[in-house]
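Me: I am new to this structure and should like to know on what grounds its features receive their names. Please set each value against its definition.

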Amino acid sequence: MAETINKDAIEPIQEETLESGIQHVNNPVLDLPQIVKKYLQKITGYVQRGNSYVFTDGSAAVEVKVVSDEIIRIRLAPHSQFLDDFSYAVPNPDQHVALYAFQEEEDTYSVSTNTVTCVINKKDFLISFQDREGQVINRDHTPMHWEENPDFGGYYVYCTKVAEEQEAFYGVGDKPTHLNLRGKRLTNWNSDTYSFSFDQDPLYRSIPFYIGLNKGEAYGIFFDNTFKTYFDFAAEKHDQTSFWSEGGELQYYYIHGPHMMDVVKRYHSITGTHYLPPLWALGFHQCRWSYYPESKVHEIAAGFRSRNIPCDAIYLDIDYMDGYRCFTWNKHYFPNPKKMIKTLADQGFKTVVIIDPGIKVDDNYWVFKEGKENKYFCRRGDDYFMEGHVWPGRCQFPDFTNPETREWWGGLFKGLVDVGVAGVWNDMNEPAVFGRGTFPNDVRHNYDGYRGSHRKAHNVYGMQMVRATYEGLKKLNHGKRPFTITRAAYAGTQRYSSVWTGDNVATWEHLRLGVLQLQRLSVSGMSFCGTDIGGFSGEPDGELFTRWIQFGVFSPFMRAHSAGDTREREPWSFGAELEAINKKFIELRYKFLPYIYSVFWEHAQYGFPILRPISMLEQAIESNIPREEEFSFGDKVLVSPVVNPGQVSKKVYLPAGYWYHYWSDTVLKGGEEHDIATPLDEMPLFIKAGAVIPEYPVMQYVDLRQVDSLKLRVYYADIEVNSFLYEDHGDTFAYEQEIYLEKKIVLKGEKNSLTLNQTIDGLFTERYETYKLSFIGLPFEINRILVDNRITEWKEEEGVPTIQVDKDFRNIVVE
Ligand code: GLC
């Protein structure tokens with residue numbers, strides 16, 4: 001069929017080059033045809049295929065697919081030939097669709113569900129999304145368009161939407177910049193970015209998902225395209241938001257809100273959440289490049305235990321290997337890994353080891369030999385092996401997009417698991433190659449049978465590596481939950497791994513950046529995230545390190561890490577006074593563990609992000625948009641890390657309602673800012689009034705058998721508030737079969753009384769025999785306390801009335 005070219009749409013190539021940021025090679029000598037952008041034209045017809053409607057302009061086709069009540073997917077096929085419907089991010093684009101309807105009007109077609117209507121203009125193919133009331137939430141500025149790619153085939157694809165005047169933009173992964181992305185142009189291309197700086201782009205991860213927030217209403221766009229993608233949030237043109245790619249399909253999901261929280265939950269419903277991590281993975285982790293030899297590792301372990309500073313994991317960076325060959329041990333430094341790991345385990349430490357993708361070219365090395373024999377390594381366009389230098393020297397690289405390679409890779413962990421390794425850290429998987437940055441574009445990938453060059457597979461390489469790692473460990477772990485961490489990621493990687501923000505720097509600016517990056521990662525689907533506490537490169541002074549530890553307590557993943565050329569960096573490295581403060585805060589992490597674990601459950605089960613920016617908590621208040629340092633961890637705890645040196649007090653905004661200042665139990669009114677004192681041994685930390693916060697006694701590491709009475713801190717409020725406590729084995733997948741316990745406590749405060757009602761759901765046998773409840777902030781003198789109608793004695797502990805109750809209490813009345 002002849003192509004319809006809109007003459008008005010033909011623009012000089014020079015201009016387009018500038019606009020798109022994509023470099024085209026135009027050869028005037030050969031007089032090649034000019035590359036033109038082609039735009040969708042007037043609609044000439046449509047067909048229905050189940051819950052999809054395909055519209056055509058006689059040449060190109062657009063599929064509008066109802067994914068769920070709140071999610072609609074759009075795909076563009078420039079010559080009406082859609083690519084295979086395969087995505088690493090979205091395992092199943094068909095969710096439960098209750099009801100949808102199709103309507104043709106004079107000027108439009110519309111596809112609607114119970115909550116959202118997608119309207120397609122006949123005349124110009126412009127697409128918009130409306131809510132039930134007919135209010136337009138998101139609309140095209142320009143019809144979707146594309147250009148042919150003369151070098152690789154396929155198309156550069158573009159989508160340009162209207163940016164509303166007040167619209168703010170969130171998400172897109174790990175971008176080291178302000179939370180609101182308005183005015184930014186961003187690129188997604190996984191890159192090894194040692195010592196990155198503010199606003200540097202791109203970094204290690206590609207999460208082409210953003211949330212638009214306009215006048216208090218939010219929606220999401222997930223551009224599921226693994227090629228190098230670009231986003232322009234009203235940067236070039238103040239009234240337009242564009243996203244485009246160097247290849248692949250223009251395919252995006254419109255995700256309805258109106259709450260940002262719902263948008264993120266729905267994004268998780270298609271891309272998945274992190275499974276519940278083993279509880280120990282939520283403790284404190286100590287890492288360094290590198291702890292070796294074995295005696296050094298024991299010295300670190302003893303350092304923690306002798307000082308009673310809690311710690312659950314010690315990491316071995318690349319030097320544990322023999323010449324950096326993955327899955328081997330340096331026998332000189334670690335003559336008996338099994339014995340060492342057992343000794344560490346006896347003291348309550350898990351051992352986590354690093355594994356990189358570069359496999360040393362060495363015919364005497366079994367991993368290389370197996371990979372070579374079975375053709376697991378990546379090949380160039382003309383069939384040469386993809387070779388490059390990384391830590392071991394000359395390397396080849398497994399093609400993790402090949403399911404057979406993943407299976408093989410997963411099995412390679414057997415040796416490590418057999419000696420007792422508990423977790424695996426995948427690094428350098430952007431993939432990073434010394435000198436040239438990454439693989440050249442012509443490298444071929446299996447792409448799970450859907451084939452592609454590195455242009456297509458680059459951004460998912462790290463994801464598929466850690467997927468192979470996760471799947472391998474899951475099999476080898478005999479039903480125990482694996483712990484994995486990855487540096488590179490694409491949307492959906494949260495199903496397999498946690499992430500950290502990569503090689504940051506020991507500066508105050510980087511501490512602040514971490515606060516922004518973790519909030520951003522969290523709303524971008526990667527809730528299990530952390531920074532290198534203390535900064536990877538450079539030297540933090542003691543104050544910076546301590547402030548970073550404090551932020552770490554409320555980072556979903558808490559690990560201190562440092563580069564090899566820096567001074568020693570353990571919690572005790574900065575003198576006795578700071579050691580005591582660092583200890584106090586690491587202990588705080590352990591006290592909060594049952595709360596933290598419950599928040600992780602909410603994430604795993606329901607897709608709630610773990611960290612929530614203020615603009616998510618109160619999205620209707622526009623003046624909240626610039627607030628970046630306060631965030632909540634779950635819905636009951638709010639923090640505002642100190643990110644400046646010498647700071648003695650900080651203005652902290654508290655969302656509406658009432659909040660308890662954690663250190664003094666003073667009640668503060670929300671909806672306004674407060675001056676909070678920030679002595680070095682306190683960080684601004686607040687508990688929502690009405691919350692019931694479970695608290696562990698201080699432990700040196702997560703010992704699943706140790707606690708038989710759990711403390712519940714009950715924060716009075718004169719309203720009704722629900723709190724949840726989640727429990728399970730702590731390390732198995734039995735929770736997927738409902739072997740868990742969800743305890744719901746409903747608090748209701750009156751002027752002269754406080755009532756708690758408990759309900760329990762799930763099949764897990766409760767771990768704690770008793771609970772110790774302390775009542776904080778009661779505005780009345782206690783006359784009596786009734787537990788299931790029986791008068792119960794209370795006593796003052798730490799100045800707070802406290803009772804001990806049996807685990808299956810149903811109702812408590814304090815009056
Ligand atoms: C990379 C990692 C860093 C690690 C180092 C050595 O720079 O980002 O965390 O310590 O490699 O393996």
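Reply: A residue counts as near a molecule if one of its heavy atoms lies within 4 Å of it. This is a predicted model, in which local features need pLDDT of at least 70 and side-chain atom pairs count only at pLDDT 80 or more, while totals for chains, interfaces and linings use all residues. Residues are numbered from 1 along each chain as its sequence is written, and side-chain values use heavy atoms, with hydrogens and water left out.

Me: Which residues are around the ligand?

Reply: They are Trp 289, Asp 317, Ile 318, Ile 354, Trp 391, Trp 425, Asp 427, Arg 487, Trp 500, Asp 503, Phe 536 and His 561. By class, this shell has 7 nonpolar, 1 polar and 4 charged residues. Here Ala, Val, Leu, Ile, Met, Phe, Trp, Tyr, Cys and Pro count as nonpolar, Asp, Glu, Lys and Arg as charged, and the others, Gly among them, as polar.

Me: What makes the approach of Asp 317 to the ligand a polar contact?

Reply: A polar contact is a pair of N or O atoms within 3.5 Å. A polar side-chain atom of Asp 317 lies 2.5 Å from an oxygen atom of the ligand, so the pair satisfies the definition. For Arg 487, a side-chain N or O atom is 2.8 Å from a ligand oxygen, and for His 561 the distance from a polar side-chain atom to a ligand oxygen is 2.9 Å. The protein covers 97% of the 310 Å² of accessible area that the ligand has on its own (Shrake-Rupley method, 1.4 Å probe).

Me: How do you know that domain 3 and domain 4 are in contact?

Reply: Contact means heavy atoms within 4.5 Å. On that basis, 6 residues of domain 3 are in contact with 8 residues of domain 4. The bounds, 611-688 for domain 3 and 706-814 for domain 4, come from an automatic or database domain assignment. The centres of the two domains, taken over C-alpha atoms, are separated by 26 Å.

Me: Why are the peptide bond before Pro 202 and the phi of Val 172 singled out?

Reply: Most residues other than glycine have a negative phi, and most peptide bonds are trans. The bond joining Asp 201 and Pro 202 is cis, with omega about -5 degrees. A cis bond also joins Tyr 292 and Pro 293, again with omega about -5 degrees. Val 172, which is not glycine, has a positive phi near 60 degrees.

Me: Where does Pro 293 lie?

Reply: Pro 293 is in the loop between strand S20 (285-286) and helix H3 (294-307). Helices (H or I, at least four residues) and strands (E, at least two) are DSSP runs, numbered from the N terminus.

Technical notes:
Polar contact = N/O pair within 3.5 Å; in protein donor to acceptor, adjacent residues only side chain to side chain.
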